[in-house]
Amino acid sequence: MPYTLSTTITSRPPTTAPSPGPGRERGGWLRFAPVQPLFRARAAGRLAVLAYHGVTDPNSFGAQLDRLHRLATPVSLQAVERAIAEGRPLPPRSVLITFDDADRTVLTHALPALAARRIPAAAFVIAELIGTDLPFWWHEAQFLAAHGGRARALPAYGGPEHLLARLKALPDPDRRRSLHELRVSADRQAPRREQLRPEDLRTLQDAEVAIGNHTLGHPRLSRCDDSTVHTEISAAHLALTRWLGEPPAAFAYPDGGYDARADAALRRLGYRLGFLSDHRLGPRLPEHPLRISRLQVDSTTSTHRFDTILSGLEPAVRRWRGRAVPG
Ligand SMILES: [Zn+2]
């Protein structure tokens, strides 16, 4: 597959970079790449917004935070907002930590680790799940399909990743119908999952984890009609405003993909910040406040790989190799 080179990459590591061998940590070898110091130096002048989901490994997450404390300048969502409003770039090596979907581990694992180091963050929540014990729809679909569930729009079950790719690609009404068909045809229903409650959102917000909008039900917006895009954003906005006592200022695109109709809705509602999941560094003064780049990381990411992601080297190599960025 031909590599795709991002137009935002201004320098290129050598094309002779070795491939990771089988069994070696993905991207771990990059820390030895001669260009890593160059990338690290260049990254000092960029804004790194880290996109986590939950925190499954609190110890590893703590080690990542310690690293950020030593090597970077953790900043808050409000600091990013202020920099944009004042037209003044953030400090060198600025890093903003964000969490998408915000399962309970953000409260139970991430918050203590962040608070102990006084590192701020932001969490983007799926409004219709707050205060429920409903599973994430993608987990539910995988469980149902593995327990005999079938849907007309989903031909032969080709493995969990294949199933999700198919579901996400469907027009949203077909995705919803398929979920319903999976529910009524499966042998068992998916396990319940305790989600954050409205009071947890306030606890997070009071502890410098700002709460942002991640839509009502986490559809892929590009597969939704205009009125659904509007409802997904505005209904979540109303609910969050009620729970938090103030309107959220930031939005993260479900599945990370930009949508112009969403952009218009966000502007109308007064959003100041919007985040993608494009696995890139961005400028320290974001040019497009509603399209801020983020880097994909995980609490289990090793320190070595974490460093190469933070420097922008791992994302650049990944794009060269034409590999999909995790959503
Ligand atoms: Zn999400």
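**Strand S3, two helices and an exposed loop residue**

Modeller: Start with strand S4 (residues 121-125): it runs parallel to S3, joined to that strand by 5 bridges. The model is a predicted one: local features need pLDDT of at least 70, side-chain atom pairs count only at pLDDT 80 or more, and totals for chains, interfaces and linings use all residues. Numbering runs from 1 along each chain as its sequence is written.

Colleague: What makes S3 and S4 a pair?

Modeller: Pairing requires at least two DSSP bridges between the strands. S3 and S4 have 5, so they qualify. One of the partnerships sets Phe99 against Ala123 in S4. Strands here are DSSP E runs of at least two residues, and helices are H or I runs of at least four, both numbered from the N terminus.

Colleague: Which other strands pair with S3?

Modeller: Strand S1 (residues 46-52) does, in the parallel sense over 5 bridges. Ala48 stands opposite Val95 there. Strand S2 (residues 73-74) is also parallel to S3, over 2 bridges. Pro74 likewise faces Val95.

Colleague: Why is the unit of S3, helix H4 and S4 called right-handed?

Modeller: The test is the path from the first strand over the helix to the second: with the strands pointing away from the viewer, clockwise is right-handed. S3, helix H4 (residues 105-117) and S4 form a right-handed β-α-β unit. So do S2, helix H3 (residues 77-86) and S3.

Colleague: How do you know that S3 is mostly covered?

Modeller: Count C-beta atoms, placed from the backbone, within 10 Å of a residue's own: 20 or more others means buried, 12 or fewer exposed, anything in between partly exposed. In S3 (residues 94-101), 8 of its 8 residues are buried. Across the protein, buried residues make up 43% of 327.

Colleague: Which residues touch the most other members of the largest nonpolar core?

Modeller: Such a core joins buried Ala, Val, Leu, Ile, Met, Phe, Trp, Tyr and Cys through C-beta atoms within 7 Å. This one has 76 residues, and those touching the most other members are Ala48, Val49, Leu50, Val106, Ala122, Ala123 and Val125. Another core lies apart from it, with 10 residues, including Ala141 and Leu167.

Colleague: What makes Glu194 exposed?

Modeller: Glu194 has 11 C-beta neighbours inside 10 Å, so it counts as exposed. Glu194 sits in the loop between helix H7 (172-185) and helix H8 (198-206). Leaving out residues up to four places away in sequence, Glu194 touches Arg104 and Asp133; contact means C-beta atoms, placed from the backbone, within 7 Å.

Colleague: How do you know that the span of H7 agrees with its length?

Modeller: The expected span is 1.5 Å times one less than the residue count. For the 14 residues of H7 that gives 20 Å, and the end C-alpha atoms are 20 Å apart, so the values agree.

Colleague: Why do the buried residues of H7 line one face?

Modeller: They are Arg175, Ser178 and Leu182. Seen down the axis, they fall within an arc of 60°, so they line one face; the arc is taken from the directions from axis to C-beta atoms. His180 and Val184 are exposed on the face turned away. The buried residues pack against helix H5 (137-146) and helix H6 (160-169).

Colleague: Why is H11 called largely enclosed?

Modeller: Because 6 of the 8 residues of helix H11 (residues 303-310) are buried. Among them are Arg305, Phe306 and Leu310. They pack against elements including helix H1 (36-43), S1 and helix H12 (313-320).

Key. Contact = placed C-beta atoms within 7 Å.
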